[in-house]
Amino acid sequence: MENPVYARMASELARLKASGNLRALPVAESRPRHVVFEGRELLNLSSNDYLGLAADLSLREAFFATLSPATFLPTASSSRLLTGNSAACIQLEETLRRLYGAEAALVFGSGYHANTGILPAIADRDAEIFADKLVHASLVDGIRLAQARHARFRHNDVADLRRLLAESSERNPKGARIVVTESLFSMDGDAADLRALVSLKREFPNVLLYVDEAHAVGVRGPTGLGLAEEAGTLADVDFLVGTFGKALASTGAFAVMSGLARDWLVNTMRTLIFTTALPPVNLNWTNFILERLASFADRRERLRGYGAAIAAAVRARGCDCPSVSQIVPWIIGSSMDAAARAQQLRAAGYYVLPVRPPTVPEGTSRIRFSLTAALTPEEVTSLAAAIH
Ligand code: PMP
């Protein structure tokens with residue numbers, strides 16, 4: 001008889017297929033600004049290369065010139081706590097600390113490691129976590145792993161969060177309260193009101209702010225540090241997480257925080273301790289990009305204009321579009337319809353994929369335009385015209 005594990009796999013996959021939610025790994029070869037998909041070259045509107053740095057050959061050439069076989073180290077060979085704490089890692093953390101004006105910085109293998117590691121390390125049984133309803137799966141998993149109680153507040157609803165914080169402060173005045181949000185939301189492209197969150201932090205006892213800036217680092221702020229820089233709230237964010245795999249065209253993640261918090265994480269954060277450190281060559285490349293980040297203001301400016309133009313095109317079609325950034329959702333509703341729209345746009349030369357549950361709530365399947373400064377104004381105009 002068939003093993004029940006396989007029987008369940010087969011029936012669940014059949015169910016996903018019937019509802020239009022079956023996923024498969026796309027076979028799409030990446031070119032600098034394009035993707036080769038089913039034999040055709042399509043404009044890439046699905047990557048997170050927001051500034052176009054991954055598509056910029058001259059940057060890679062300049063970085064290559066700094067390497068030799070002796071300095072090209074493709075592996076760290078062990079954890080940070082053994083022999084993996086490379087000079088490249090120490091230098092990168094110093095760069096981050098300096099740029100953010102923070103007490104301390106810590107680099108991780110990925111944003112997923114950061115979010116699933118920091119929250120369980122800092123939130124014990126006496127703490128309570130309050131997370132925006134739409135935070136990324138890695139934050140949800142970090143919350144699940146933490147021993148703290150938790151509650152979700154309605155998306156970007158400061159009044160709802162205030163209500164929860166007031167209740168919690170009354171119930172447990174001495175406990176810690178950790179507010180978790182993204183700054184630019186990955187699927188809606190809208191922004192948290194960081195200043196309002198800072199006011200709440202001041203209003204209630206023992207509140208810490210944990211902000212995931214994965215989609216804002218590089219893209220927002222006068223020097224590209226993210227939305228907290230833009231909002232003037234850097235000093236009030238207790239844990240600011242950023243990732244290197246999106247606008248910074250690299251891999252890995254970081255958090256800036258207090259020196260005390262860094263010492264604590266080095267001693268307790270399982271996804272930092274029990275994993276191999278990032279290879280020095282990747283860390284060096286990230287550092288190379290970060291040192292140039294402030295100089296990409298023209299790309300940030302261009303990208304903002306592109307985001308506004310595509311959001312306007314979606315709205316002109318009569319659809320609500322919450323975007324205030326380079327991430328522009330065209331919310332279609334059913335997964336089948338979203339998949340059909342994506343197929344039409346690919347036929348017109350644009351590489352887009354449907355985003356479906358469980359990545360987004362049921363009934364809000366969408367096309368997610370992930371724009372990049374590497375697009376030309378003409379390409380953006382044509383794309384806007386293709387949204388009809
Ligand atoms: N946080 C957010 C908001 C994200 O969108 C993502 C990735 N999509 C991550 C964290 C995870 O980062 P990484 O890809 O480096 O694991």
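Q: How many cavities of 30 Å³ or more does the count come to?
A: This is a predicted model, in which local features need pLDDT of at least 70, side-chain atom pairs count only at pLDDT 80 or more, and totals for chains, interfaces and linings use all residues. Residues are numbered from 1 along each chain as its sequence is written, and side-chain values use heavy atoms, leaving out hydrogens and water. A cavity is a set of points, on a 1 Å grid over the protein atoms alone, where a 1.4 Å probe fits but cannot get out. With a lower limit of 30 Å³, the count is one.

Q: What volume does the largest cavity have?
A: Grid points are joined across faces, edges and corners, and a volume is the space filled by probe spheres set on the points. For the largest cavity this gives about 90 Å³.

Q: Which elements each supply at least two residues of the lining of the largest cavity?
A: Lining residues have an atom within 4 Å of a grid point; among them here are Arg80, Cys89, Phe108 and Leu272. By class the lining has seven nonpolar, four polar and one charged residue, where Ala, Val, Leu, Ile, Met, Phe, Trp, Tyr, Cys and Pro count as nonpolar, Asp, Glu, Lys and Arg as charged, and the others, Gly among them, as polar. Helices (H or I, at least four residues) and strands (E, at least two) are DSSP runs numbered from the N terminus. The elements asked for are β4 (104-108) and α10 (270-273).

Q: Which element gives the largest share of the lining of the largest pocket?
A: A pocket is an open set of grid points with protein on both sides within 12 Å along at least five of seven lines. The largest pocket has a volume of about 890 Å³, and of its 27 lining residues Ala24, Pro26, Leu353, Pro354 and Arg356 are closest to the centre. β2 (34-37), α13 (335-347), β13 (354-355) and β14 (365-370) each supply at least two lining residues. The largest share, three residues, is that of α13.

Q: Which pocket is the space taken by the ligand?
A: A molecule sits in a pocket if more than half of its atoms lie within 2 Å of the grid points. The ligand takes the space of the second largest pocket.

Q: What is the volume of the second largest pocket?
A: The lining of this pocket has 12 nonpolar, 12 polar and six charged residues, and α4 gives the largest share, three residues. The volume is about 610 Å³.

Q: Which residue has a side-chain N or O atom 2.9 Å from a nitrogen atom of the ligand?
A: There are 13 residues around the ligand, each with a heavy atom within 4 Å. A polar contact pairs N or O atoms within 3.5 Å; backbone atoms of Gly111 and Tyr112 lie 2.7 Å and 2.9 Å from ligand oxygen atoms. The side-chain partner of the ligand nitrogen belongs to Lys246.

Q: What percentage of the area that the ligand exposes alone does the protein bury?
A: Accessible areas come from the Shrake-Rupley method with a 1.4 Å probe. Taken alone the ligand exposes 390 Å², and the buried part is 79%.

Q: Which two residues does a cis peptide bond join?
A: Most residues other than glycine have a negative phi, and most peptide bonds are trans. Ser77, in the loop between α2 (57-64) and α3 (87-100), has a positive phi near 65°. The cis bond has omega of about 10° and joins Pro357 and Pro358.

Technical notes. Polar contact = N/O pair within 3.5 Å; in protein donor to acceptor, adjacent residues only side chain to side chain.
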